[in-house]
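Welcome, and thanks for taking a look at this one. Please keep the model open beside the text as you read.

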Amino acid sequence: MEPTTLTTERLLLRPLDERDVEQVRAACQDPEIVRWIPVPDPYRLKDAQDFVFGVSRAGWREDTMYNFGVFTKSGVLVGSMGLVRLAQLRTPERQAELGFWAVKEHRGKGYTVEAGRAVIGWAFSELKAERLEWVAEAGNVASRAVALRLGFVMEGTQRARIVQRGTRRDAWVATLLPVDLGRQMETPYLPASGRSAAGG
């Protein structure tokens with residue numbers, strides 16, 4: 001896909017580039033990011049370069065990950081957000097996973113939720129996604145709070161879902177459907193609560 005830029009009232013969401021390497025490196029010194037996100041530890045300048053010039057660019061080019069740097073209008077990096085596990089987006093399942101992290105100094109300002117709403121709107125309207133997942137290691141209450149504010153519905157805990165630093169860990173999982181936001185879905189949806197007894 002051609003790299004895309006999104007804007008909100010306070011933010012600019014764009015693919016990362018050479019201007020952002022040092023800001024990414026600095027952000028990933030935060031122990032909270034290292035704790036919950038599968039980034040290298042320690043996180044060096046080369047790791048930031050590999051992510052910006054390699055992983056992130058390849059994701060757009062090969063349709064495997066659509067990652068945005070989240071910036072204030074003045075160009076300060078406040079987070080990273082994107083869609084991953086895109087293989088299913090091009091199948092009848094039409095789904096992807098929303099992932100994000102926030103820069104320590106800019107948490108608590110609502111930036112992640114604001115950016116999330118923009119990416120979700122783009123996923124549902126432009127990419128025609130019909131199901132978005134949020135997955136985080138069980139215990140990541142800050143990430144869960146963002147997901148809930150975005151409208152995700154908790155579906156439970158999946159055992160050993162995530163492999164983090166060589167260890168399998170349980171994960172919290174939530175989903176968001178277009179109908180949760182009052183949007184139409186191209187594929188008909190029959191929730192379990194809407195089935196008749198005869199239909200099982």
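## A strand beside a cavity

Strand β4 is the element that gives the most to the lining of the largest cavity, contributing 4 residues. Please bear in mind that this is a predicted model. The cavity in question has a volume of about 40 Å³, and a search of the whole structure finds 1 cavity of 30 Å³ or more. Its lining is made up of V70, V78, G79, S80, M81, W101, Y111, T112 and A115. Two elements, β4 (77-84) and α4, each give two or more residues to this lining. By class, the lining residues divide into 6 nonpolar and 3 polar, with no charged residue.

How enclosed is β4 itself? Of its 8 residues, 7 are buried, so the strand is largely enclosed by the rest of the structure.

## The sheet around β4

It helps to step back to the sheet. Eight strands form an open sheet with mixed pairing, in the order β1-β2-β3-β4-β5-β6-β8-β7. Its edge strands are β1 (6-7) and β7, each of which pairs on one side only.

On one side, β4 is joined by 6 bridges to β3 (residues 66-72), and the two run antiparallel. F71 has L77 of β4 as its bridge partner. These two strands form a hairpin with 4 residues between them, and in the turn G75 has a positive phi of about 95 degrees. β4 also runs antiparallel to β5 (residues 95-102), again through 6 bridges. There, G79 stands opposite A102; G79 is also one of the residues lining the largest cavity.

At the β1 edge, the pairing with β2 (residues 11-14) is antiparallel over 2 bridges, and T7 stands opposite L12. The three antiparallel pairings can be set side by side:

| Strand pair | Bridges | A residue pair |
|---|---|---|
| β1 and β2 | 2 bridges | T7 and L12 |
| β3 and β4 | 6 bridges | F71 and L77 |
| β4 and β5 | 6 bridges | G79 and A102 |

## An open pocket

Which residues line the second largest pocket? They are P92, E93, E130, R131, L177, M185, T187, P188 and Y189. About 160 Å³ of space lies in this pocket. Its lining holds 5 nonpolar, 1 polar and 3 charged residues, whereas the lining of the largest cavity has no charged residue.

## Backbone details to look at

Some backbone geometry deserves a visit too. D41 and P42 are joined by a cis peptide bond, with omega at about 5 degrees. P42 sits in the loop between α2 (31-36) and α3 (45-62).

K128 has a positive phi of about 60 degrees, although it is not a glycine. This residue is found in the loop between α4 (111-125) and β6 (131-137), and K128 counts as partly exposed at 44% relative accessibility.

A160 is not a glycine either, yet its phi is positive, at about 55 degrees. A160 lies within strand β7 (residues 153-164), which is an edge strand of the sheet. With a relative accessible area of 30%, A160 is partly exposed.

## How far to trust the model

The chain has a mean pLDDT of 94, and 96% of its residues reach 70 or more. Over residues 196-200, however, the pLDDT is below 50, and this stretch has 0 contacts in the model beyond near neighbours in sequence. Where pLDDT is low, the predicted coordinates should not be read in detail.

Terms used
Residues numbered from 1 in each chain as written. Predicted model: local features only at pLDDT ≥ 70, side-chain atom pairs only at ≥ 80, totals over all residues. Heavy atoms only, no water. pLDDT = per-residue confidence, 0-100. Contact = heavy atoms within 4.5 Å. 1 Å grid on protein atoms, 1.4 Å probe; cavity = no way out; pocket = protein on both sides within 12 Å on 5 of 7 lines; lining within 4 Å. Points joined across faces, edges and corners; volume = space filled by probe spheres on them. Nonpolar A, V, L, I, M, F, W, Y, C, P; charged D, E, K, R; others polar. Buried < 20%, exposed > 50% of the residue type's maximum accessible area, 1.4 Å probe, protein only. Pairing = 2+ DSSP bridges.
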